[in-house]
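Dear colleague,

I am passing on to you the structure we spoke about, together with a short account of what was found in it. Please look through the sequence and the model first, and then read on.

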Amino acid sequence: MKAVVFHEHGGPEKLVYQDVPTPLPGEDEVLIRVRACSINHVDIWVRQGIPAYKTAFPHISGCDVAGLVEAIGKNVTGINRGEKVFVAPGLSCFRCAYCLSGQDNMCIAYKILGAHANGGYAEYVTVPAINVLTMPNTLRFEDAASFPLAFLTAWHMLITRAELKAGQEVLVLAAGSGIGTAAIQIAKLAGAWVVAAVGRDEKLAKARTLGADEVINYQREDFSNKIREFTGGKGVDVVFEHVGPETWEKSLTSLAKNGKLVTCGATSGPEARTDLRYIFSRQLSILGSMMGTRSELLEVTKLMEIGKLKPVIDSVFPLKEARKAQERMLERNHFGKLILVPS
C-alpha cells in the first residue's frame with residue numbers, strides 16, 4: 001500500500017510517500033481501508049520528536065480515520081466487511097481501574113492512534129475492534145475524520161473539566177484551529193457567551209459564523225485588555241488554552257475571580273511563566289485535560305449526527321501531499337481541519 005512515513009525525527013521534509021507492506025488484522029483487530037484522515041498537531045509533535053512519544057521507525061502518523069471495513073480478525077463480531085466506520089483515536093485497555101470507572105482516557109496503558117501506533121496516513125490501517133465505531137449516515141468520510149480527536153478533547157475540556165454552565169463567559173484561544181472551532185460550538189451549545197481569539201483578520205468573520213459573540217485578533221491586540229473591556233473589567237469565567245507560553249500569562253490575567261483555565265496543549269512550547277500570587281489571590285484554577293472518554297465521544301457523535309455540532313474543514317489534500325498539509329498547519333493559515341484522502 002501507499003503511505004506517508006518518516007524514518008527519523010525532524011521537519012516536514014522527513015515525510016516520505018512510499019510503498020509499505022499492507023498490515024494484517026490481528027485476532028481482535030479490524031483492517032480499515034482509509035477514505036479520509038485528518039491532521040492534528042500531535043502529528044507534528046511526534047514527527048519532531050518529544051519524550052512522551054516513543055516512536056518506532058518507520059512511523060505512520062494520523063489519529064483520526066474514517067473508511068471502510070476491509071477485513072476483520074477471527075475474534076471480532078458485530079462489525080461487517082464494507083461497513084462505513086470511523087475510529088476512536090484513544091487506545092485504552094478497558095481492564096484497569098481507570099477504564100472500569102469510565103475514565104478510559106486515564107488508562108494506565110493509554111495510547112493514541114498515529115502517535116504511539118501507526119495511524120491513518122496510509123491506504124490501510126489496523127485498529128482494535130473496540131475502537132471501531134459506525135459512521136453516522138449524515139456525514140461524509142471527510143466529516144467523520146474531522147471531529148473525533150478535536151471535538152472529544154474540546155468537550156472534555158469545557159464540559160467535564162471546566163464544568164461550563166449556561167450564562168458563563170468563555171475565551172477560546174487559537175479559535176481557528178480544529179480544536180478551537182470545536183470549542184466555539186460546544187461552548188455555545190452549553191449556553192455560554194464566547195470570545196474567539198484568532199491570529200488573522202480573515203478568520204474573525206468565520207469565528208462569528210460558528211457562534212462567537214466577540215472576536216479578537218490576538219496577534220495585533222492585547223486580548224487580556226480586550227477581555228476586560230468586553231466584561232466591564234471582570235474577566236471571563238473560563239479560558240480555553242492550548243497555545244502555551246505565547247498566550248499563557250495573558251490567559252491568566254483574562255480570568256475573573258474564581259475563574260478556570262483549562263489546557264490540553266502547548267503548541268508554542270512546553271514552559272510558561274506563572275505569577276503564583278495572581279493564582280492564589282484571585283482563587284484561580286488551572287486544569288489539565290487529556291483527550292476524553294469513550295462515553296463522551298459517543299455523546300459528541302450523536303450531536304454531530306443530528307447537526308447540533310458541525311465539522312469545520314479548511315481544505316482537503318491528497319495523501320501524497322501530507323507534507324504540504326502539515327506546513328499549512330504550521331503556518332497557521334487554516335481555519336478548521338486539514339484532511340488527507342488517498343488517491
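On the surface there is a nonpolar patch formed by Tyr 98, Met 106 and Ile 108, which together have about 320 Å² of accessible area. Please keep in mind throughout that this is a predicted model. Of the patch residues, Tyr 98 belongs to helix α2, which covers residues 97–100, and with a relative accessible area of 36% Tyr 98 counts as partly exposed.

Turning to the interior, the largest nonpolar core has 51 residues, and those that touch the most other members are Phe 147, Phe 151, Leu 158, Val 172 and Phe 240. The element that gives the most to this core is helix α4 (residues 148–161), with 7 residues. Leaving aside neighbours within four places in sequence, Phe 240 is in contact with a list of residues that includes Ala 154, Met 157 and Leu 158, as well as Leu 171, Val 172 and Val 262. There is also a second, separate core of 49 residues, and among its members are Val 20, Val 34, Ala 122 and Leu 319. As general background, nonpolar side chains in soluble globular proteins tend to be buried together.

The loop between α1 (41–48) and β4 (64–72) holds Ser 61, and Thr 55 is found in the loop between α1 and β4 as well. Are these two buried or exposed? Ser 61 has a relative accessible area of 2% and Thr 55 one of 17%, and because buried means under 20%, both residues are buried. When residues up to four places away in sequence are not counted, Thr 55 touches Phe 6, His 9 and Val 46, while Ser 61, with its neighbours within four places left aside, is in contact with Phe 6, Asp 43, Gly 114, Gly 119, Gly 120 and Tyr 121.

Helix α7 (residues 223–230) may also be worth a look, with Phe 223, Ser 224, Lys 226, Ile 227 and Arg 228 buried. The N-terminal end of α7 is capped by Asp 222, a side-chain oxygen of which lies 3.0 Å from the backbone nitrogen of Ser 224. Just after α7, Gly 232 takes a positive phi of about 65 degrees.

As for charged pairs, the structure holds 21 salt bridges. One of them joins the side chains of Glu 163 and Lys 260, at 3.5 Å from N to O. Glu 163 lies in the loop between α4 and β10 (169–172) and Lys 260 in strand β14 (residues 255–263), so this pair ties together parts that are 97 residues apart in sequence. Glu 163 is partly exposed, at a relative accessible area of 43%.

Another salt bridge links Lys 302 with Glu 305, whose closest N and O atoms are 3.8 Å apart; both residues lie in helix α10 (residues 294–305), 3 residues apart, which is about one turn of the helix. Lys 302 is partly exposed, with a relative accessible area of 47%, and Glu 305 likewise counts as partly exposed, at 28%. The side chains of Asp 237 and Lys 234 also meet in a salt bridge, at 3.8 Å from N to O, with Lys 234 partly exposed at a relative accessible area of 36%. Finally, a network of salt bridges links Arg 33, Glu 70 and Arg 81.

With best wishes

Note on methods:
Residues numbered from 1 in each chain as written. Predicted model: local features only at pLDDT ≥ 70, side-chain atom pairs only at ≥ 80, totals over all residues. Heavy atoms only, no water. Patch = residues over 30% accessible without salt bridge, like charges linked within 9 Å, V, L, I, M, F, W, Y side chains within 5 Å. Areas by Shrake-Rupley, 256 points an atom, 1.4 Å probe, with all protein chains shown as cover. Salt bridge = Lys/Arg side-chain N within 4 Å of Asp/Glu carboxyl O. Helix = DSSP H or I, 4+ residues; strand = E, 2+ residues; numbered from the N terminus. Buried < 20%, exposed > 50% of the residue type's maximum accessible area, 1.4 Å probe, protein only. Polar contact = N/O pair within 3.5 Å; in protein donor to acceptor, adjacent residues only side chain to side chain. Contact = heavy atoms within 4.5 Å. Core = buried A, V, L, I, M, F, W, Y, C linked by side-chain atoms within 4.5 Å.
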